[in-house]
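Hi,

Here is the structure I said I would pass on. Have a look at it first, and my notes follow underneath.

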Amino acid sequence: MTYADRRQGPARALAALVLGLALVMAQAIAANAKMPESFADLADQVSPAVVNITTSTTVAGAGNDGPRPIVPEGSPLEDFFNDFMDRQQQGQRPRRSSALGSGFVISEDGFIVTNNHVIDKADEIEIEFFSGEKLDATLIGTDPKTDIALLKVESDEPLPFVAFGDSDAARVGDWVVAVGNPLGQGFSVSAGIVSQRGRALSGAYDDFIQTDAAINRGNSGGPLFNVEGEVIGVNTAILSPSGGSIGIGFSMASNVVTKVVDQLKEFGETRRGWLGVRIQDVTEDVAEALELADAKGALVTDVPEGPGKDAGIEAGDVITTFDGSDVTDTRELVRLVGNTTVGKAVRVVVIRDGKSETLKVTLGRREEAEATAVPVALDKQNVEEKTILGVTVAVLNDELRTQLGLDEGLEGLVVKEVAEDSDAYEKGLRAGDLIVEAGQRKVDAISDLEERIEEARDAGRKSFLMLIRREGDPRFVALSLDDE
């Protein structure tokens with residue numbers, strides 16, 4: 001080995017070391033570029049648009065309807081008891097109750113977004129800005145289904161405001177900042193990440209972003225920002241056994257909120273699309289009973305008078321596509337329909353008897369439909385009893401109709417008893433349920449049910465579909481044919 005070769009060895013090692021250090025530093029710089037060193041600039045940017053909300057409500061006093069002391073007229077104690085009762089009644093006069101929450105300005109002319117539960121039943125709403133200025137607000141409209149309310153203040157000067165961002169672009173792990181008025185302590189900032197998306201709590205239109213940014217009482221109605229200072233959620237709820245933050249907070253996604261706010265601003269109320277069908281999820285056993293390739297879509301259980309019936313949708317149809325969007329489950333269909341303009345004609349693809357059909361439906365308005373009770377339609381029959389698949393059934397007659405409080409005009413088989421070790425019991429069938437369809441055909445007699453079961457067995461099916469009604473609500477149940 002020459003002298004030059006001996007010198008090149010250490011040089012190569014040094015070069016490799018330098019290259020390695022450079023690579024590590026580059027990775028560190030890239031990581032730091034994604035992780036903000038401070039949220040101070042963001043807080044300075046958005047704070048003027050975040051507001052504290054104080055509401056005032058008149059609470060009626062409890063009336064003095066309790067027993068009164070019986071005192072003989074002219075007794076020395078008469079004046080004493082009269083004075084005592086007067087003091088009691090004075091303490092039960094109507095009083096003022098106040099509550100605190102948060103909100104944020106979305107336009108320079110004074111529109112403010114908050115939660116419905118922050119201002120619900122309020123007589124007076126006062127807005128306090130970061131600057132300390134206070135203005136009275138008027139209520140434009142509310143949407144209890146998404147817990148969103150829109151307020152308006154009048155100001156001589158343009159107000160600082162924040163813009164909505166795209167909540168669908170938020171990824172699990174992204175940084176977020178919650179701003180508001182927790183526990184009445186005044187303006188406060190907390191930071192965390194997006195813990196999960198698409199959370200549902202209880203509402204049909206829920207689309208919550210879950211975050212570990214600290215959210216406490218009083219944060220309700222405040223904004224959840226991304227690192228660009230855009231509102232991607234409205235802080236609404238926390239999950240906590242103690243009532244304090246444990247790092248599980250929920251913000252209604254901005255892509256839901258913006259649609260609601262636009263409607264409240266234009267109409268003062270929401271106007272959601274209505275398809276006019278009752279639906280349930282397609283489970284694995286229901287999919288097998290209907291010979292579907294996948295357990296996806298929304299199974300139609302009932303079609304009252306309305307847009308769906310006018311368009312030809314039938315009970316037993318499985319809705320797979322709505323207005324060009326695939327339907328995976330009932331929750332998605334409800335959201336798709338609700339977000340569609342009232343009066344729009346849409347194409348709905350259903351699977352019926354194993355074949356795909358496309359129907360054209362002109363949507364109605366959900367709020368109008370909910371204001372009108374939809375009657376449950378059906379018919380009548382006589383007396384017989386038998387146990388099938390662990391279920392004791394009897395044909396509906398006038399006596400059973402009276403016992404169960406069923407509407408006149410119903411027909412079907414009444415479930416009188418369900419064996420607790422049966423598949424039917426496990427699937428939720430209970431005494432008092434009314435079987436109105438079997439194998440997607442009406443049943444008038446027990447022999448009808450037996451025939452449908454035999455037809456399913458002859459076709460090689462492992463499960464069997466029935467449509468039942470419980471307290472007027474329809475539901476499909478798929479029973480195993482091996483349970484006998």
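Setting aside neighbours within four places in sequence, K145 is in contact with Y205, D206, R272 and E370, where contact means heavy atoms within 4.5 Å. One of those partners, D206, is 61 residues from K145 along the chain, with 8.1 Å between the two C-alpha atoms. K145 sits in the loop between β5 (134-143) and β6 (148-153); helices (H or I, at least four residues) and strands (E, at least two) are DSSP runs, numbered from the N terminus. K145 has a relative accessible area of 35%, so it counts as partly exposed. The classes are: buried under 20% relative accessible area, exposed over 50%, and partly exposed in between, using a 1.4 Å probe and protein chains only.

Before going on, the ground rules: this is a predicted model, where local features need pLDDT of at least 70 and side-chain atom pairs count only at pLDDT 80 or more, while totals for chains, interfaces and linings use all residues. Residues are numbered from 1 along each chain as its sequence is written, and side-chain values use heavy atoms, with hydrogens and water left out.

The loop between β5 and β6 also holds D147. D147 has a positive phi of about 60 degrees, although it is not a glycine. Most residues other than glycine have a negative phi. D147 is buried because its relative accessible area is 14%. E291 is another non-glycine residue with a positive phi, near 60 degrees. E291 is in the loop between α6 (284-289) and β15 (298-302), and it counts as exposed because its relative accessible area is 54%.

Now the salt bridges. The rule is a side-chain nitrogen of Lys or Arg within 4 Å of a carboxyl oxygen of Asp or Glu, and by it the count comes to 24. E370, already mentioned as a contact of K145, forms a salt bridge with R366, with the closest N and O atoms 3.5 Å or less apart, namely 3.4 Å. E370 and R366 are four residues apart in helix α9 (residues 366-370), so about one helical turn separates them. Both are partly exposed, E370 at 44% relative accessibility and R366 at 22%.There is also a network of salt bridges that links E269, R271, R365, E367 and E368. Within it, E269 pairs with R271, and their closest N and O atoms are 3.5 Å apart. E269 is partly exposed, with a relative accessible area of 33%, and R271 is partly exposed too, at 32%. R365 and E367 also meet through their side chains in a salt bridge, at 3.2 Å from N to O. Here R365 is buried at 14% relative accessibility, and E367 is buried at 19%.

On to the surface. Patches are made of residues with over 30% relative accessible area and no salt bridge; like charges are joined within 9 Å, and nonpolar side chains (Val, Leu, Ile, Met, Phe, Trp, Tyr) within 5 Å. D166, D174, E228 and E230 gather in a patch of negative charge. Lys and Arg count as positive and Asp and Glu as negative, with His and the chain ends not counted, and a charge is placed at NZ of Lys, CZ of Arg, CG of Asp or CD of Glu. E230, in the loop between β10 (223-225) and β11 (231-238), is partly exposed at 31% relative accessibility.

F130, F187 and V189 make a nonpolar surface patch of about 250 Å²; accessible areas come from the Shrake-Rupley method with a 1.4 Å probe, and for residues, only the protein chains shown count as cover. F187 is in the loop between β7 (175-180) and β8 (188-199) and is partly exposed at 32% relative accessibility.

For a buried spot, try T321 in strand β16 (residues 318-322), which has 17% relative accessibility and so counts as buried. Not counting residues up to four places away in sequence, T321 touches D326, V327, R347, V348 and V349.

Finally, the overall picture: the chain has twelve helices and 27 strands, and buried residues make up 42% of its 484 residues. The accessible surface of the chain comes to about 25,700 Å², with 49% of that belonging to carbon and sulfur atoms. Of the contacts between residues at least 6 apart in sequence, 62% join residues at least 24 apart.

Cheers
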